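Please open the structure in your viewer and keep the selection panel at hand. The tour below goes from one selection to the next and says what is there.

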Amino acid sequence: MKEYISREDAWNLLKTYNQEAFHLQHALTVEGVMQWYAQELGYGEDAEYWGIVGLLHDIDFERYPDQHCTKASELLSNAGVGEDMIHAVCSHGYGLTVDVKPEHEMEKVLYAVDELTGLIWAAALIRPSKSVQDMEVKSLKKKYKSAGFAAGCSREVIEKGADMLGWELQDLLEKTLHAMQYCEQAVQDGMQQVQ
């Protein structure tokens, strides 16, 4: 039995350490994307768990950027979050800030989609619609290949994540775009509650 914090408690915990709209929106986006992947990959009964991991994955980033994925362990542990969820959250910093390796498929998905959701969102913001709903994979691939576009989103991490999962990059791009289209309205609704 997985021990985990409730969705409501996770959201409140996240807001304790994150106030910037950008970080909250990213957390909600990764939550929705992780839930979509849980359903897609046959882990439907764990979709809420996958989502909470996504929601909390950057809990320490806003306040402790120099200790990203190391401070998270302490913050989550103090809040009573189980070790398996702490491992999952911290593993997305593998090879960057920590040596916690993604082992479960969920952890590999988180590693692969974290940076990619940022890149897709940046691509959406320059569209007239400011939405992913009308974005096509072809357009996303073009932006992805442009090194100067969303330069802060590491292509190396995204590609390493695809490799961990044994997927082609094209599949990862396509699935993650579908996941973001699926959860965009829920993210917008979540952000309405913040303002």
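Begin by selecting Thr-176, which counts as buried because its relative accessibility is 0%, and bear in mind throughout that you are looking at a predicted model. Thr-176 belongs to helix α9, which covers residues 169-194. If you now display its surroundings, leaving aside residues up to four places away in sequence, you will find that Thr-176 touches Val-33, Tyr-37, Val-113, Leu-116, Thr-117 and Ile-120.

Next, select helix α6 (residues 105-125) together with helix α8 (residues 155-165), whose axes come within 8 Å and cross at roughly 150°. With that angle, α6 is roughly antiparallel to α8. If you look along the pair, the crossing in which α6 passes α8 is left-handed. To see where the two helices meet, show the side chains on both sides: α6 contributes Glu-105, Lys-108, Val-109, Tyr-111, Ala-112, Glu-115, Leu-116 and Leu-119, while α8 contributes Arg-155, Val-157, Ile-158, Lys-160, Gly-161, Ala-162, Met-164 and Leu-165. Coloured by character, the residues of this contact of α6 with α8 divide into 10 nonpolar, one polar and five charged. Leu-116, which appears in this contact, is also one of the residues that Thr-176 touches.

Keep α6 on display and add helix α3, residues 47-56, which packs with α6 at an angle of about 40°, the two axes being 11 Å apart. The two helices, α3 and α6, are therefore oblique to each other. Here the crossing, in which α3 passes α6, is right-handed. On the α3 side the contact is made by Tyr-49, Trp-50, Val-53 and Gly-54, and on the α6 side by Glu-105, Met-106, Val-109 and Leu-110. By character, the residues of the contact of α3 with α6 comprise six nonpolar, one polar and one charged. Glu-105 and Val-109 of α6, which take part here, are also among the residues of α6 that meet α8.

Now turn to the charged pairs. How many salt bridges does a search of the whole structure find? Such a search finds three, and each can be selected in turn.

For one of them, select Arg-7 and Glu-31, which form a salt bridge with their closest N and O atoms 2.5 Å apart. Arg-7 lies in helix α1 (residues 7-17) and Glu-31 in helix α2 (residues 21-40), so this pair ties together parts that are 24 residues apart in sequence. Are the two partners buried or exposed? Arg-7 is partly exposed, with a relative accessible area of 28%, whereas Glu-31 is buried, with a relative accessible area of 8%.

Another pair to select is Glu-74 with Lys-71, a salt bridge in which the closest N and O atoms are 3.1 Å apart. Both residues lie in helix α4 (residues 71-78), and because they are three residues apart, about one helical turn separates them. Glu-74, at 40% relative accessibility, counts as partly exposed, while Lys-71, at 14% relative accessibility, counts as buried.

To finish, select Arg-127 and Asp-134, which form a salt bridge with a separation of 3.2 Å between the closest N and O atoms. Asp-134 counts as partly exposed, its relative accessibility being 41%.

Conventions. Residues numbered from 1 in each chain as written. Predicted model: local features only at pLDDT ≥ 70, side-chain atom pairs only at ≥ 80, totals over all residues. Heavy atoms only, no water. Axes fitted to C-alpha atoms, helices over the stretch in contact; angles between N-to-C directions. Helix = DSSP H or I, 4+ residues; strand = E, 2+ residues; numbered from the N terminus. Parallel < 35°, antiparallel > 145°, perpendicular 65-115°, else oblique. Left-handed = near helix turned anticlockwise from the far one by under 90°. Contact = heavy atoms within 4.5 Å. Nonpolar A, V, L, I, M, F, W, Y, C, P; charged D, E, K, R; others polar. Buried < 20%, exposed > 50% of the residue type's maximum accessible area, 1.4 Å probe, protein only. Salt bridge = Lys/Arg side-chain N within 4 Å of Asp/Glu carboxyl O.
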